[in-house]
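Reader: I am new to this structure. Could you show me how to read its helix packing and its empty space?

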Amino acid sequence: MKINAFADVSLRAVMVLSSAPDGILLTTQAVADAVGTPYNHVSKAMVRLRELGLIDVERGRLGGSRLNAAGRQATVGQLLRQLDSRQDPAECQSPNGDCPLLTECALRHAMKKAREAFYRELDSVVISTLPHARQMTPVFQTIGLRPQFQHAAVPPAGPAVATY
């Protein structure tokens, strides 16, 4: 199943915010740079994430956004359900009007069940556990930060070197 572009940007924004160091607020521009998406798209995603109660925003010159406790517990399935703007997964609309089979269509019902099964499968995946050091370190280097990981981080490649 394919998710829409808005849900994709929103998921990536939550992943970036979940890896930000404690106490660091990220501007929308920093998040946009980190996920490689235009500012306008990320800005709309950040507004929606705030409306959903997943991020806290501080305004002003030193302001920015951070993931709050609800955002740290949010799952992929929960977020996708809230961001899915498609009313009809089978797209039973055409430029010429509704499909003539629309009133008793078993396909629409089957597609809705399949979409819910897709979300249910993702209900156990907590978004904030998805980012890992190998993925986020180069991303954060581009915006001048070091990522922080609350779960088991991926060990760096190569032998460990002790410094004294």
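The dialogue below takes up a helix pair and then a cavity.

Author: This is a predicted model, in which local features need pLDDT of at least 70 and side-chain atom pairs count only at pLDDT 80 or more, while totals for chains, interfaces and linings use all residues. Residues are numbered from 1 along each chain as its sequence is written, and side-chain values use heavy atoms, with hydrogens and water left out.

Reader: At what angle do α1 and α5 pack?

Author: Helices are DSSP runs (H or I, at least four residues), numbered from the N terminus. Axes are lines fitted to C-alpha atoms over the stretch in contact, and angles run from 0 to 180 degrees between N-to-C directions. Here α1 (residues 5–19) and α5 (residues 76–83) pack at about 140 degrees, their axes 10 Å apart. The two are therefore oblique to each other (not under 35, over 145 or 65 to 115 degrees).

Reader: Which residues make the contact?

Author: Contact means heavy atoms within 4.5 Å. From α1 come F6, A7, S10, L11 and V14, and from α5 come V76, L79, L80 and L83.

Reader: How is empty space found, and which residues line the largest cavity?

Author: Rolling a probe the size of a water molecule over the atoms shows where empty space is left. A cavity is a set of points on a 1 Å grid over the protein atoms alone where a 1.4 Å probe fits but cannot get out; lining residues have an atom within 4 Å of a point. The count is one cavity of 30 Å³ or more, and the largest has a volume of about 40 Å³ (the space filled by probe spheres set on the points). Its lining consists of I3, N4, A7, L80, L83, D84, R86 and Y119.

Methods. On a 1 Å grid over the protein atoms alone, a cavity is a set of points where a 1.4 Å probe fits but cannot get out, and a pocket is an open set with protein on both sides within 12 Å along at least five of seven lines; lining residues have an atom within 4 Å of a point.
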